[in-house]
Number of protein chains: 2
Amino acid sequence: MNKFSEKTIKRETIFEGKIIDLSVHDVELPNGEMSKREIVNHPGAVAVIAVTDKDEVILVEQFRKPLEKTIAEIPAGKLEKGENPLQCAKRELEEETGLVAGKWTKLTSFYTSPGFANEIIYIYLAEQLSDGQLNLDEDEFVECFKATLEEAEKLIEKEIIHDAKTIYAIQYLNLLKYRCKK
Amino acid sequence: MNKFSEKTIKRETIFEGKIIDLSVHDVELPNGEMSKREIVNHPGAVAVIAVTDKDEVILVEQFRKPLEKTIAEIPAGKLEKGENPLQCAKRELEEETGLVAGKWTKLTSFYTSPGFANEIIYIYLAEQLSDGQLNLDEDEFVECFKATLEEAEKLIEKEIIHDAKTIYAIQYLNLLKYRCKK
């Protein structure tokens with residue numbers, strides 16, 4: 001679907017970083033006028049909602065510099081160049097939590113902020129957990145804990161869980177639960 | 001909460017744009033080592049899930065240059081400097097859809113992508129809709145339509161609705177509905 005599409009006339013690269021690139025596009029609007037679009041290019045990411053046999057989800061406390069605070073999130077990480085999302089999900093879960101999963105299900109995907117960024121996040125459900133090998137990045141400091149879905153919802157109310165991917169994944173499982181009860 | 005906090009030692013401004021700024025921080029990690037963080041500064045935004053008296057939600061088709069495609073979203077817009085989120089929500093709903101609402105409820109808020117951006121989105125529920133004054137920005141081309149919650153869920157499955165704020169708001173209303181039925 002490309003209704004109201006905008007054609008790039010000129011593209012200026014502002015920054016090429018470790019995680020993101022930034023460019024500014026001069027675009028031709030549907031009415032022929034010109035405008036500028038500031039665009040963050042991101043490689044995409046995966047997020048994993050890992051559920052124990054006691055129906056607890058694995059959460060990771062992590063300091064987020066853009067927010068200047070620590071929040072609790074589901075394990076996640078960015079895609080390496082050309083990496084398959086499922087392989088990335090398996091790698092990130094084990095690296096961040098030391099867990100491996102016997103059963104993987106792709107749940108969904110979403111764009112975090114399509115007004116200025118092309119970041120897409122693929123969400124996987126990981127079940128049948130067992131111990132693997134913790135292996136954090138050298139600049140990554142996290143602490144894992146478990147929470148039931150009910151506890152996770154209270155953490156959303158308290159804004160300790162406060163990011164799109166984590167809230168989406170928890171709501172997704174909650175909606176499944178309600179629908180199965182119908 | 002600031003467990004594992006990272007102290008900025010140096011901050012370099014890379015770009016100051018119309019919508020976003022970009023800076024790179026040299027940070028001191030909890031173990032005393034140094035790393036870099038690429039940070040997009042965003043003014044924050046509001047999103048409005050507007051529900052008609054027939055339980056339809058108002059959606060807006062919009063071309064998103066970062067995705068190079070058109071998707072359907074709930075009405076939304078960025079906060080002006082110092083603007084109250086509720087005032088912004090009222091302004092954006094009327095400007096984008098030509099509707100005003102008699103009843104406003106703040107539902108929730110979330111961070112879109114805390115790994116690299118500080119963008120927060122406040123979500124409001126708007127009810128008791130009536131006609132106001134359409135007033136699009138000069139570089140904004142959108143088309144509104146109505147969908148029931150069931151239709152909106154099908155649009156999520158088809159990835160026509162595919163962004164965090166719209167999915168979160170629709171799931172939020174769905175969960176409320178299921179809980180009220182219990």
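Helix axes here are lines fitted to C-alpha atoms over the stretch in contact, and angles run from 0 to 180 degrees between N-to-C directions. Keep that in mind for the first stop, and remember that you are looking at a predicted model.

**Stop 1: the two α3 helices.** Select residues 164–181 in both chains. These are α3(A) and α3(B), whose axes come within 10 Å and cross at roughly 35 degrees. Which hand does the crossing of α3(A) and α3(B) have? It is left-handed. Now show side chains: on the α3(A) side the contact includes I167(A), Y168(A), Y172(A), L175(A) and Y178(A), and on the α3(B) side I167(B), Y168(B), Y172(B), L175(B) and Y178(B) are among the residues involved. Colour the contact by class and you'll get 12 nonpolar, 4 polar and 2 charged residues.

**Stop 2: the symmetry.** Zoom out to see both chains. Turn chain B by 180 degrees, with 0.0 Å of shift along the rotation axis, and it superposes on chain A with an RMSD of 0.0 Å. That's how copies related by a two-fold axis behave. To find the axis from chain B, pick T112(B): its C-alpha is the nearest in that chain, 2.7 Å away. Next, select the interface residues of chain B; 100% of them are also interface residues in chain A, so the copies meet through the same surface.

**Stop 3: the four-stranded sheet.** Hide chain B and stay with chain A. Here an open sheet runs in the order β7-β4-β9-β8, with mixed pairing. The edges are β7 (76–78) and β8 (99–111); each has a single partner strand, so one side of each is left without a neighbour in the sheet. From one strand to the next, the twist averages 25 degrees. Look along β8(A) and β9(A) (residues 120–131), an antiparallel pair joined by 11 bridges. Click T108(A) and you'll find I123(A) of β9(A) opposite.

Now bring back the helices. α3(A) packs on this sheet too, touching β4, β7, β8 and β9 of chain A, with its direction at about 105 degrees to that of β8(A). Helix α1(A) (residues 85–97) also lies across β4, β7, β8 and β9, running at about 120 degrees to β8(A).

**Stop 4: the three-stranded sheet.** Select 7–16, 21–28 and 34–41 of chain A. How are these strands ordered? As β1-β2-β3, in an open sheet with antiparallel pairing. The edge strands, β1 and β3, each pair on one side only, and the twist averages 20 degrees between successive strands. There are 8 bridges between β2(A) and β3(A); one to click on pairs D21(A) with N41(A).

**Last stop: the annotation.** Colour residues 40–169 of chain A, which an unreviewed UniProt entry annotates as "domain: Nudix hydrolase". That stretch is 22% helix and 44% strand, and its end C-alpha atoms are 24 Å apart.

Key
Residues are numbered from 1 along each chain as its sequence is written. Chains are lettered from A and ligands numbered from 1 in the order in which they are written. This is a predicted model: local features need pLDDT of at least 70, side-chain atom pairs count only at pLDDT 80 or more; totals for chains, interfaces and linings use all residues. Side-chain values use heavy atoms; hydrogens and water are left out. Copies are superposed by least squares on the C-alpha atoms of residues with pLDDT of at least 70 in both. Contact means heavy atoms within 4.5 Å. Two strands pair if DSSP finds at least two bridges between them. UniProt positions are given in the numbering used here, feature names are shortened, and annotations may be inferred rather than shown by experiment. A crossing is left-handed if the near helix is turned anticlockwise from the far one by less than a right angle, and right-handed if clockwise. Ala, Val, Leu, Ile, Met, Phe, Trp, Tyr, Cys and Pro count as nonpolar, Asp, Glu, Lys and Arg as charged, and the others, Gly among them, as polar.
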